[in-house]
Amino acid sequence: MLKKIVFFVVALVCVSTDAGDDIGERKGVTISIPGEGTDLMLATQKDLGSFYCDNNVASCEYVFTTVKGPNTIWDIIPYKEGDEDCYKIVKASGYSAGQTMTARNAWKWASIFEDDKPKLLTSDPLNPESKCWQFNSVGGDNYKIKKKLKDAAGMFIRARPINFKEDSVPKTRRFCSVSDDDTFNVWTIKNA
């Protein structure tokens with residue numbers, strides 16, 4: 001009987017931790033990761049190369065990191081997708097405002113940038129499940145942000161450091177992806 005109770009408690013803990021954490025609606029926030037002495041914020045910006053996304057998609061922008069605004073403000077909005085509790089991450093202002101963050105398995109970074117992992121991008125998702133994310137708290141305002149449904153489900157938003165060949169490329173620019181690699185993926189959510 002004791003084994004059954006222990007198994008039930010362990011199973012309940014595993015299920016509850018996989019559901020993500022309820023962070024509520026957060027509007028006008030930055031989503032950042034620690035860099036070399038500064039916070040690197042998620043952004044879509046023309047000067048970062050966001051516009052290279054895909055000419056066949058009407059509205060699609062790559063997400064990078066940067067240290068400067070104003071293209072770094074996001075809204076995190078809870079919603080239901082069927083029976084699932086989800087969050088959509090929407091660009092609040094600036095370049096590509098109104099677009100929703102997503103990832104697609106078919107669009108991957110070359111191995112030099114992010115080890116053939118799906119690219120993080122904003123678009124007007126073709127499928128409602130494509131915009132479903134969950135936030136797993138790691139303490140305070142720090143979260144691992146996990147793709148919950150559809151393409152790349154189970155992978156976390158990641159931005160690893162890159163050593164560019166050209167010295168003119170700032171080290172604060174990182175290519176963002178979703179990955180099952182459990183590094184460079186703890187993000188701080190702050191009011192802008």
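Begin by selecting phenylalanine 51, which in this predicted model is found in the loop between β2 and β3 (60–62). Its relative accessibility is 35%, so phenylalanine 51 is classed as partly exposed. Display the residues around phenylalanine 51: apart from neighbours within four places in sequence, its contacts are Lys46, Glu61 and Tyr95. Then add valine 63 to the selection. Twelve residues of sequence separate phenylalanine 51 from valine 63, and their C-alpha atoms lie 9.7 Å apart in space.

Next, turn to the nonpolar interior. The largest nonpolar core comprises 26 residues, and Ile31 and Phe135 have the most contacts inside it. To trace this core, select the elements that each supply two or more residues: β1 (26–34), β2 (39–43), β5 (74–81), β6 (84–91), β7 (100–108), β9 (133–139), β10 (142–147) and β13 (187–191). The largest share, three residues, is contributed by β1.

Centre the view on phenylalanine 135. Leaving out residues up to four places away in sequence, phenylalanine 135 touches Gly20, Asp21, Ile23, Ile76, Tyr87, Ile89, Tyr143, Lys144, Ile145 and Ile189. A second core, separate from the one just visited, has ten residues, among them Cys53, Cys60, Trp107 and Trp109.

Now show the strands β1, β10 and β13. Strands β1 and β13 form an antiparallel pair with four bridges. Within this pairing, select threonine 30 and lysine 190; lysine 190, in β13, is the bridge partner of threonine 30. Strand β13 also pairs with β10, again in the antiparallel sense, over two bridges. Here, asparagine 142 is the residue to select, with threonine 188 of β13 standing opposite.

Continue to the cysteines. How many disulfides does the structure hold? There is one, and it joins cysteine 86 to cysteine 132, with an S to S distance of 2.0 Å. The torsion about this S-S bond is about -80°, so the disulfide of cysteine 86 and cysteine 132 is left-handed. The bond links distant parts of the chain: cysteine 86 belongs to strand β6, whereas cysteine 132 lies in the loop between β8 (118–123) and β9, 46 residues apart.

Colour these cysteines by accessibility. Are they buried or exposed? Cysteine 86 has a relative accessible area of 2% and is therefore buried. Cysteine 132, at 0% relative accessibility, is likewise counted as buried. As a last selection, take cysteine 176, which is also buried, with a relative accessibility of 0%.

Definitions and conventions
Residues are numbered from 1 along each chain as its sequence is written. This is a predicted model: local features need pLDDT of at least 70, side-chain atom pairs count only at pLDDT 80 or more; totals for chains, interfaces and linings use all residues. Side-chain values use heavy atoms; hydrogens and water are left out. A nonpolar core is a set of buried Ala, Val, Leu, Ile, Met, Phe, Trp, Tyr and Cys residues joined through side-chain atoms within 4.5 Å. Buried means under 20% relative accessible area, exposed over 50%, partly exposed in between (1.4 Å probe, protein chains only). Contact means heavy atoms within 4.5 Å. Two strands pair if DSSP finds at least two bridges between them. A disulfide is a pair of cysteine sulfur atoms within 2.5 Å.
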